[in-house]
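Me: Could you go through this one with me, starting with the terms?

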Amino acid sequence: MTDANHVFIFDTTLRDAEQTPGASLNVAEKLEVAQQLARLKVDIIEAGFPVSSNEDFEAVRRIGQEVEGPVICGLARAVAKDIDRAGEALKDAPNPRIHTFVGTSEIHLKGQMRKGQEEVLKMAVAAVVQAKSYCDDVEFSPMDAARTEPGYLFEVIEATIAAGATTINIPDTVGYAVPEEFGTLIEQIIAKVPNSDQAIISVHCHDDLGMAVINTLAAIKGGARQAECTINGLGERAGNASLEEIVMALKTRQDHFGYTTHVVSQEIISTSRLVSRLMGIAVQPNKAIVGANAFAHSSGIHQDGVIKQRNTFEIMEPKDVGLDDTEIVLTARSGRAALRHRLQVLGHELEQEELNRVYEIFVELADKKKEVFDKDLIEIVGGDPGESTDHYELQYLHSVSGTGTVPTATVRLRIGDQTVQQSAWGDGPVDAAYAAIGLACGTDIHVENYAIRAITSGSQALGEVTVHLSRAEEKVRGRGVSTDVIEASAKAYVDALNRLVLKSVKEEHQTV
Ligand code: KIV
Ligand code: ZN
């Protein structure tokens, strides 16, 4: 028996988000995302649209067979061949669901389908009946429900529930709804459709007006118990409601909403980074929950506050979404409190006078280089900024790429007191450089995330690369800047390698 306050999380990253231009994934990548979604403990994974291509069919089939835990769902238009294909793809899945849909708004009926209401109602019922012949768990969506005439919408919902639909999903297909109106629509469906208690009411909101998440939350308050959403809010056009925002809003404001989900929030960051990396779509830095700045404080007043007591400027704990800690970004705006705190973490306890001296050098450096990193601080307090303390140093980089050329790179690194040279090829010049550095340092390192931006303008712009690396459980971030983006990328990788060294040194100190 399900708790009345439980909200089912239906993830459609592999279907709706995968439609994003340039974001398509191959079968192996889809499986990797689905396995991670299972670790995140979403309730339902919409794995694809089997009739759309053989690859999508295969992805749904393999996810259905191999991914344990969530219900695996395949999408089908209210058309016989789509439903057969979805049924076939899911035939070996232990927990299958077929999700069938047809447009119901006058705009869709007249403008696209050229069919009348009666005919579409029959199509919807027939689709549900046919889907039921493959599995018990059938979801029906009256597409563009938010713009459908309510009387007709209620009729379609009643008929499809009577035909056996176990979930009725109300899509705001074009992101037109506003929260009060959408919440009221859900309340009315529950009040006016006589058999509405025999199905879960779900919502699927698009973000064209930036209201997908708030509309979803309003619908949940109105009685919806399934939220359709995607990782990083990706999806058709402006995207779908973001899974991480819905889940963390329900969790953080439990006092207000009073609903629960099964999602393991500590898996959110890994899932977001995986999807971003595989789909090749960077997450905007200020994106709620998963953006690089979501838990980073740069204002001196905020830094002072969180160091003294976290909840002065933080409403969520970084570890609750899978981050190690709050990030105190040391810039020229940082105060002595932030500097002292960072130095303490690095094992340097300074008297006030010494702190004042270090602070002066720090501000001077921060003015020059925007962000001051741990290794800069170590150099400042060590009093010998001229000599490199880095374990890894990029001494030489040569890369070759071009149309019809296999991208290759040769690197020479100083590693401690040794010099190592390696060459490799890759999917592009950056990949080739990373492969060569990986060979040179010989450790099992994964690139979790890679982002590049111009920090000055014009064709001579400085490119800044930020790369997140992981080695086993350890995660670090590196940064590199150059007018040559391949060099900036290699520098960022080497910077991250040095941080790994620093991290292990610090951990050793802590255990001694
Ligand atoms: O946005 C939409 O209406 C959809 C349906 C297929 C549910 O994605
Ligand atoms: Zn959609």
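Reply: Helices (H or I, at least four residues) and strands (E, at least two) are DSSP runs, numbered from the N terminus. This is a predicted model, in which local features need pLDDT of at least 70 and side-chain atom pairs count only at pLDDT 80 or more, while totals for chains, interfaces and linings use all residues. Residues are numbered from 1 along each chain, chains are lettered from A and ligands numbered from 1 in the order written, and side-chain values use heavy atoms, without hydrogens and water.

Me: OK, what phi does Arg114 take, just after α4?

Reply: Arg114, which comes just after α4, has a positive phi of about 55°.

Me: And which residues in α4 are buried?

Reply: In α4, which spans residues 106–113, they are His108, Leu109 and Met113, where buried means under 20% relative accessible area with a 1.4 Å probe, protein chains only. Seen down the axis of α4, the buried residues fall within an arc of 100° (taken from the directions from the axis to the C-beta atoms), so they line one face of the helix.

Me: What covers them?

Reply: The cover, judged by contact (heavy atoms within 4.5 Å), includes strands β4 (96–103) and β5 (138–143), together with helices α5 (117–132) and α6 (150–162).

Me: Switching to the zinc ion, which protein donors does ligand 2 have?

Reply: Asp16 (OD), His204 (NE2) and His206 (NE2) lie 2.0 to 2.1 Å from the zinc ion, donors being N, O and S atoms within 2.8 Å of the metal (3.2 Å for Na, K and Ca), with water not among the atoms, so sites may look incomplete. Their spacing along the chain is D-x187-H-x1-H.

Me: Where do Asp16 and His204 lie?

Reply: Asp16 is in the loop between β1 (8–11) and α1 (27–40) and His204 is in strand β7 (residues 200–205), so the pair ties together parts that are 188 residues apart in sequence. Both Asp16 and His204 are buried.

How values were computed. Buried means under 20% relative accessible area, exposed over 50%, partly exposed in between (1.4 Å probe, protein chains only).
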